[in-house]
2 protein chains.
Amino acid sequence: MPEKVTIATVARHAQVSRQTVSNVLNSPHLVREETRERVRDAIATLGYRVSQAARQMRTGRSKLLAARIEPTRDGINGSVLDRFLHGLTETAEAAGYRVLLYTAGDRAAEIAAYDDLLGAYDLDGFVLTGTDHGDVRTAWLAERGVPFVTFGRPWDSPERHPWVDVDGAAGAAQATRHLIGAGHRRIAFVGWPAGSGVGDDRRSGWLAALREADLPYADELDRRTVDGITEGAAVTRDLLALAEPPTALVCASDSLAIGALQAARTYPPNGRDLAVTGFDDTPVAQAIGLTSVSQPLGQAAARCIELLTALLDGDVSGGPRAAGQPPSQVLLRPSLVIRQPA
Amino acid sequence: MPEKVTIATVARHAQVSRQTVSNVLNSPHLVREETRERVRDAIATLGYRVSQAARQMRTGRSKLLAARIEPTRDGINGSVLDRFLHGLTETAEAAGYRVLLYTAGDRAAEIAAYDDLLGAYDLDGFVLTGTDHGDVRTAWLAERGVPFVTFGRPWDSPERHPWVDVDGAAGAAQATRHLIGAGHRRIAFVGWPAGSGVGDDRRSGWLAALREADLPYADELDRRTVDGITEGAAVTRDLLALAEPPTALVCASDSLAIGALQAARTYPPNGRDLAVTGFDDTPVAQAIGLTSVSQPLGQAAARCIELLTALLDGDVSGGPRAAGQPPSQVLLRPSLVIRQPA
DNA sequence: TTGTAGGCGTTATCAA
DNA sequence: TTGATAACGCCTACAA
């Protein structure tokens with residue numbers, strides 16, 4: 001059984017003191033080049049790796065970040081988080097961090113999870129997803145000076161913290177313009193109940209594009225419902241039954257869009273032609289040839305890590321954030337993936 | 001700024017020595033009940049949590065498990081891993097473990113990741129996914145006595161290690177029987193190139209069900225291709241062009257099944273009726289009303305954690321596994337989700 | 001430029 | 001039943 005390789009093993013092997021090895025690791029400029037090389041050789045041949053546990057005890061930094069993995073709700077939108085997580089892990093690795101997973105049924109459980117993770121593993125920071133109005137989580141973390149970034153804007157509270165988000169309004173506007181360009185004049189919006197930051201944002205893009213093209217706003221074409229395939233189908237049947245039905249739909253999610261397509265295809269007696277766009281470019285959209293707004297999730301994840309590590313490096317103490325530098329915000333532009341229904 | 005609560009703080013508060021607090025935590029039976037209560041009160045009021053880092057230095061156990069998050073390959077099958085990971089995290093939490101994520105482009109990178117994770121974070125164990133023939137990863141881990149479980153059977157090598165898997169043959173057989181029950185007599189199989197353990201397994205279920213029903217095997221109905229929508233469509237067009245085309249298809253994945261459906265719908269001149277079953281019950285299947293074989297992923301994840309923690313508890317030393325108890329294997333039965341195409 | 005001493009929070013060992 | 005002591009591997013002073 002091979003002996004555990006510590007900093008002492010390396011020191012012995014390279015004929016230097018333990019401290020010199022530590023210097024090579026943390027402040028290489030202090031060590032003479034020749035010595036440095038010798039130590040690096042020893043490290044390589046012995047396969048030494050610093051023990052994060054031991055380092056953490058001295059420095060208080062664990063090089064661990066946390067992210068939540070949600071219970072695949074809808075199933076369709078689930079893959080969004082999946083791709084985001086993958087990007088997060090990849091970028092974090094490059095920055096010398098690891099991502100720890102946690103689950104939480106509700107906000108209270110999530111805060112309990114923070115407490116546990118912080119206490120037991122001394123996490124360096126958090127990446128929160130799915131912000132909503134009056135998010136209690138950010139308040140809790142900010143209060144304790146825990147570094148964090150959110151993927152999603154803080155929708156109301158003026159709390160200032162770093163965040164990354166995708167411009168949903170721009171995405172919806174692109175989709176709407178695409179439909180207008182294809183000759184549509186009556187374009188409905190199917191979104192989520194007012195009050196959902198994300199939903200309202202996307203709706204505003206639809207509105208803006210209509211205005212831009214001098215198309216009138218009609219209240220009957222502005223619909224809200226809970227997310228889901230069946231809900232999307234129900235709303236669509238409603239819309240198609242109007243005296244002057246829309247010829248195209250901008251949907252706030254792929255789930256709604258799929259429902260819309262199904263409803264249109266089976267609308268009595270022989271189905272109805274209806275152009276539909278979705279949101280999130282999920283695998284389902286890809287599979288059925290649905291035009292959808294694609295979020296740059298890999299990029300978003302990378303920017304989250306960037307922001308977080310910047311915070312971490314400027315905040316070695318772990319104490320409250322220095323008031324000096326303002327937190328950064330990043331708004332990414334989505335892109336429209338145009339497809340032909342298969 | 002609140003002082004950091006350590007075992008010493010608790011000891012002072014409860015008027016005992018540090019060691020007694022440690023005993024309350026790890027060997028409560030050694031401590032008199034009255035003292036125990038006092039210490040527990042102190043722990044609660046102070047909000048003390050043991051520092052995993054410090055504990056790890058003494059015990060060598062990190063309470064950390066690792067799992068790989070794959071780059072959403074196909075997009076469609078990606079969500080399978082997603083759901084598995086969620087189950088893993090949830091069950092691990094209940095067992096007092098946390099899940100650390102890592103990525104790896106290929107097998108070599110994956111082994112490098114093991115090395116890093118083991119060296120730096122001193123991980124307690126690994127959950128591997130997607131085993132294939134002659135998996136080098138399991139050999140590497142076994143050689144070093146690192147505890148691990150695979151989700152997926154070791155397909156050839158007689159290496160004995162704990163694993164959890166879903167009975168793909170049983171799933172394919174169920175799908176085939178369902179089609180037979182619906183009156184189909186010419187049922188094709190669309191799977192992956194021979195040599196893929198998972199693919200061969202699923203194919204064998206189709207074969208068995210045919211035999212069971214005294215249906216003849218026809219070579220021309222036994223197809224293999226790379227996974228993907230377009231590939232599935234191509235194979236299906238091929239099949240439909242046969243002199244005696246099949247009326248139903250059992251597919252080894254939802255991707256292939258989707259391709260098959262698209263090909264059938266657009267088969268000249270007016271499309272062709274074709275019953276299709278998929279595999280994995282992905283969100284896409286749900287969305288388009290595809291009958292598919294569903295894997296009990298949450299259960300699989302839970303069994304993985306069970307097996308792994310059992311290993312961990314019996315293997316405190318971290319050394320080679322005790323030869324005494326044979327590793328456990330778990331084969332779960334999938335279920336068929338029957339749907340009507342929407 | 002390199003080496004020595006001490007301590008981070010915990011648990012194992014041993015003594016009281 | 002409880003308490004003192006040492007050690008896990010590392011890093012930050014400080015001294016040489």
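A residue counts as near a molecule or strand if one of its heavy atoms lies within 4 Å of it. Keep in mind that this is a predicted model, where local features need pLDDT of at least 70, side-chain atom pairs count only at pLDDT 80 or more, and totals for chains, interfaces and linings use all residues. Residues are numbered from 1 along each chain as its sequence is written, chains are lettered from A and ligands numbered from 1 in the order in which they are written, and side-chain values use heavy atoms, with hydrogens and water left out.

**View 1. The protein around DNA strand C.** There are 27 residues around this strand, and those that come nearest are Thr35(A), Arg58(A), Ile7(B), Gln19(B) and Tyr48(B). Of the atoms of DNA strand C that come within 4 Å of the protein, 61% belong to sugar and phosphate. Sorted by class, the surface near the strand has nine nonpolar, ten polar and eight charged residues. (Ala, Val, Leu, Ile, Met, Phe, Trp, Tyr, Cys and Pro count as nonpolar, Asp, Glu, Lys and Arg as charged, and the others, Gly among them, as polar.)

**View 2. Zooming in on atoms that meet DNA strand C.** Look for the side chain of Thr20(A), which has an N or O atom 2.9 Å from a phosphate oxygen of the strand. Ile7(B) uses its backbone instead: an N or O atom there lies 2.5 Å from a phosphate oxygen of DNA strand C. With Arg18(A), a side-chain N or O atom is 3.4 Å from a base oxygen of the strand. The elements giving two or more residues to the surface near DNA strand C are helix 2 (18–26) and helix 4 (52–59) of chain A, plus helix 2 (18–26) and helix 4 (52–59) of chain B. Helix 4 of chain B gives the most, with five residues. (Helices are DSSP runs of H or I, at least four residues, numbered from the N terminus.)

**View 3. Where domain 2 of chain A touches domain 3 of chain A.** Chain A splits into domain 1 (7–49), domain 2 (60–166 + 296–333) and domain 3 (168–294), with bounds from an automatic or database domain assignment. Twelve residues of domain 2 are in contact with 20 residues of domain 3, contact meaning heavy atoms within 4.5 Å. One salt bridge is found across this interface, a salt bridge being a side-chain nitrogen of Lys or Arg within 4 Å of a carboxyl oxygen of Asp or Glu. Asp201(A) and Arg153(A) form a salt bridge, with their closest N and O atoms 2.8 Å apart.

Technical notes:
A polar contact is a pair of N or O atoms within 3.5 Å; within protein, one must be able to donate a hydrogen and the other to accept it, and residues adjacent in sequence count only if both atoms are side-chain atoms.
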